[in-house]
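Dear colleague,

I am passing on the structure we spoke about, and I would be grateful if you could look it over at your bench. My notes on what was found follow directly below it.

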Amino acid sequence: MERTFLMVKPDGVQRGLMGEVIARFERKGFKMIGCKFAQATEEQAAFHYAEHKEKPFFQELVDFITSGPVLAMVWEGDDIIQLSRTVIGKTKVHEAMPGTIRGDFALHTNRNVIHGSDSAESAEREISNFFSEAELANYKKLI
Ligand code: CMP
């Protein structure tokens, strides 16, 4: 079983897309194990986007992600990192296919509704940025 970090970004929150995003992942069959409505700090944003530190749009990313509340979530499922990126759609909005979250809702690459981890290493770092292990649910006792 794999875990990933998903985050409805400030544009998605302000456009009322939190329920839509959650519904798509629930319908796919994934399990939410953590959920936090939060305002990211500058430090959290910089840590979250550490791999983009040298990119020209890094400060724009940090400013945007701290500009309003986000919905930070941890989801669990087989191959969820790869599969959730298929549900989300490509980063560049002109490449995001209809039927994906970005394909259906995003108009601009820097306002693309949702973030999803791109590797197991990123997922662990991004999860630890918003959640402690004690805050994550455990379904293993369910029948
Ligand atoms: P995300 O999946 O959150 O990961 C990195 C983000 O950088 C990406 O979504 C985009 O929102 C953003 N991004 C990628 N390319 C650009 C760009 N050229 N200008 C601004 N933001 C970008």
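**The sheet and the helix across it**

Helix H7, which spans residues 120-130, lies across S1, S2 and S3 and runs at about 55 degrees to S1. Please keep in mind while reading that this is a predicted model, and that the values below are computed from it.

The sheet that this helix crosses is an open one, built from 4 strands in the order S2-S3-S1-S4, with antiparallel pairing. Strand S2 (31-38) and strand S4 (114-116) stand at its edges, and because each has a single partner strand, one side of each is left without a neighbour in the sheet. From one strand to the next the twist averages 15 degrees. Within the sheet, strand S1 (residues 2-8) and strand S3 (residues 70-77) run antiparallel and are joined by 7 bridges, and Met7 stands opposite Ala72 in S3.

As for the wider setting, an unreviewed UniProt entry lists residues 1-138 as "domain: Nucleoside diphosphate kinase-like". Over that range the chain is 41% helix and 19% strand, and the C-alpha atoms at the two ends are 12 Å apart.

**The annotated positions**

The same kind of record, again an unreviewed UniProt entry, places the feature "active site" at His115, a residue that is found in strand S4. Is His115 buried or exposed? It has 21 C-beta neighbours inside 10 Å, and since 20 or more are needed for a residue to be called buried, His115 counts as buried. Once residues up to four places away in sequence are set aside, His115 touches Leu6, Met7 and Lys9, and Met7 is the residue that stands opposite Ala72 in S3.

Under "binding site", the unreviewed UniProt annotation covers Lys9, Phe57, Arg85, Thr91, Arg102 and Asn112. Of these, Lys9 lies in the loop between S1 and helix H1 (10-14), and it is buried, with 25 other C-beta atoms within 10 Å. Leaving aside neighbours within four places in sequence, Lys9 is in contact with Ile65, Val70, Val113, Ile114 and His115, so that the annotated active-site residue appears in this list as well.

Thr91, by contrast, sits in the loop between helix H5 (80-88) and helix H6 (101-105), and with 16 other C-beta atoms within 10 Å it is partly exposed. With neighbours within four places in sequence again left out, Thr91 is in contact with Thr109 and Asn112.

**Around the ligand**

Which residues are found around the ligand? They are His52, Phe57, Glu60, Leu61, Thr91, Thr109, Asn110, Asn112 and His115, and this shell divides into 2 nonpolar, 6 polar and 1 charged. Phe57, Thr91 and Asn112 therefore appear both here and under the "binding site" annotation.

**One exposed loop position**

Lastly, Gln39 has its place in the loop between S2 and helix H3 (42-48), and it is exposed, with 12 other C-beta atoms within 10 Å. Although Gln39 and Ala72 are 33 residues apart in sequence, their C-alpha atoms are 9.5 Å apart in space.

With kind regards

How values were computed: Residues are numbered from 1 along each chain as its sequence is written. This is a predicted model: local features need pLDDT of at least 70, side-chain atom pairs count only at pLDDT 80 or more; totals for chains, interfaces and linings use all residues. UniProt positions are given in the numbering used here, feature names are shortened, and annotations may be inferred rather than shown by experiment. Two strands pair if DSSP finds at least two bridges between them. Axes are lines fitted to C-alpha atoms, for helices over the stretch in contact, and angles run from 0 to 180 degrees between N-to-C directions. Two residues are in contact if their C-beta atoms, placed from the backbone, lie within 7 Å. A residue is near a molecule or strand if its C-beta atom, placed from the backbone, lies within 6 Å of it. Ala, Val, Leu, Ile, Met, Phe, Trp, Tyr, Cys and Pro count as nonpolar, Asp, Glu, Lys and Arg as charged, and the others, Gly among them, as polar.
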